Amino acid sequence: LVVGVTGGGDEGKGTMIRNTIGMVSGLPPECRCRFVVCNNEEGHRLEMMTCWEKFCAVLAAIPNFGGLSYEDNLRQFMAVWCEETKNMNLDSVGGKVKQLDPKILN
């Protein structure tokens, strides 16, 4: 299972990290197959690569403790992160697109 986190219309760092968090938080419970999140940023911009590397460093620092697996700890960490940042819309993360077209929302 592979998910991509950037779209052609709005590829700022804030949007990329917002989408990355959403994709990683989608790790299915009891997932037995590989779950790969990729940054398909085709502009090869240094700031996007740096953002991705910093995010991966945060994930690598999540400990395996409390009798839970790394995946369980990751899932809990992502749930808290999503809850704390769920009100961050595209405008608040510096996205080029300020609001989604209502047809997309429906």
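Where is E30 found? E30 is found in the loop between α1 and β2 (36-38), where helices (H or I, at least four residues) and strands (E, at least two) are DSSP runs, numbered from the N terminus. This is a predicted model, in which local features need pLDDT of at least 70, side-chain atom pairs count only at pLDDT 80 or more, and totals for chains, interfaces and linings use all residues. Residues are numbered from 1 along each chain as its sequence is written, and side-chain values use heavy atoms, with hydrogens and water left out.

## The chain as a whole

The secondary structure of the chain comes to 4 helices and 2 strands, and from the N terminus on these elements run in the order β-α-β-α-α-α. Of the 106 residues of the chain, 25% count as buried, where buried means under 20% relative accessible area, exposed means over 50%, and partly exposed lies in between (1.4 Å probe, protein chains only). Among contacts (heavy atoms within 4.5 Å) between residues at least 6 apart in sequence, 61% join residues at least 24 apart.

## Three helices and their buried residues

The table sets out the spans of three helices, where the expected span is 1.5 Å times one less than the number of residues.

| Helix | Number of residues | Expected span | Distance between end C-alpha atoms |
|---|---|---|---|
| α1 | 12 residues | 16 Å | 16 Å |
| α2 | 15 residues | 21 Å | 21 Å |
| α3 | 16 residues | 22 Å | 22 Å |

In α1, the buried residues are G14, T15, M16, T20, I21 and V24, and these buried residues pack against β2, α2 and α3.

In helix α2 (residues 46-60), the buried residues are M48, C51, F55 and L59. They cover an arc of only 80 degrees around the axis, which puts them on the same side of α2; the arc is that of the directions from the helix axis to the C-beta atoms. On the other side of α2, by contrast, L46, K54 and A60 are exposed. What covers the buried residues of α2 includes α1 and α3.

In α3, N73, L74 and M78 are buried. Seen down the axis of α3, its buried residues fall within an arc of 130 degrees, so they line one face of the helix. The cover over the buried residues of α3 includes α1 and α2.

## Four residues in their surroundings

N73, which lies in helix α3, counts as buried because its relative accessibility is 6%. Leaving aside residues up to four places away in sequence, N73 touches I62, P63, N64, F65 and L68.

Q76 is also found in helix α3, but at 47% relative accessibility Q76 counts as partly exposed. The C-alpha atoms of Q76 and S25 are separated by 8.7 Å, although these two residues are 51 residues apart along the chain.

E30, the loop residue with which this report began, is exposed, with a relative accessible area of 67%. E30 and D72 are 42 residues apart in sequence, and they are 9.3 Å apart in space, taken from C-alpha to C-alpha.

S92 is found in the loop between α3 and α4 (102-105), and S92 is partly exposed, with a relative accessible area of 45%. S92 and T15 are 77 residues apart along the chain, while their C-alpha atoms are separated by 9.4 Å.

## The second largest pocket

On a 1 Å grid over the protein atoms alone, a cavity is a set of points where a 1.4 Å probe fits but cannot get out, whereas a pocket is an open set with protein on both sides within 12 Å along at least five of seven lines, and lining residues have an atom within 4 Å of a point. The second largest pocket has a volume of about 170 Å³, a volume being the space filled by probe spheres set on the points, with grid points joined across faces, edges and corners.

This pocket is lined by 11 residues, of which I17, R18, I21, T85 and M88 lie nearest its centre. α1 (13-24) and α3 (70-85) each supply at least two residues of the lining, and α1 gives the most, with 5 residues. By class, the lining has 6 nonpolar, 3 polar and 2 charged residues, where Ala, Val, Leu, Ile, Met, Phe, Trp, Tyr, Cys and Pro count as nonpolar, Asp, Glu, Lys and Arg as charged, and the others, Gly among them, as polar.
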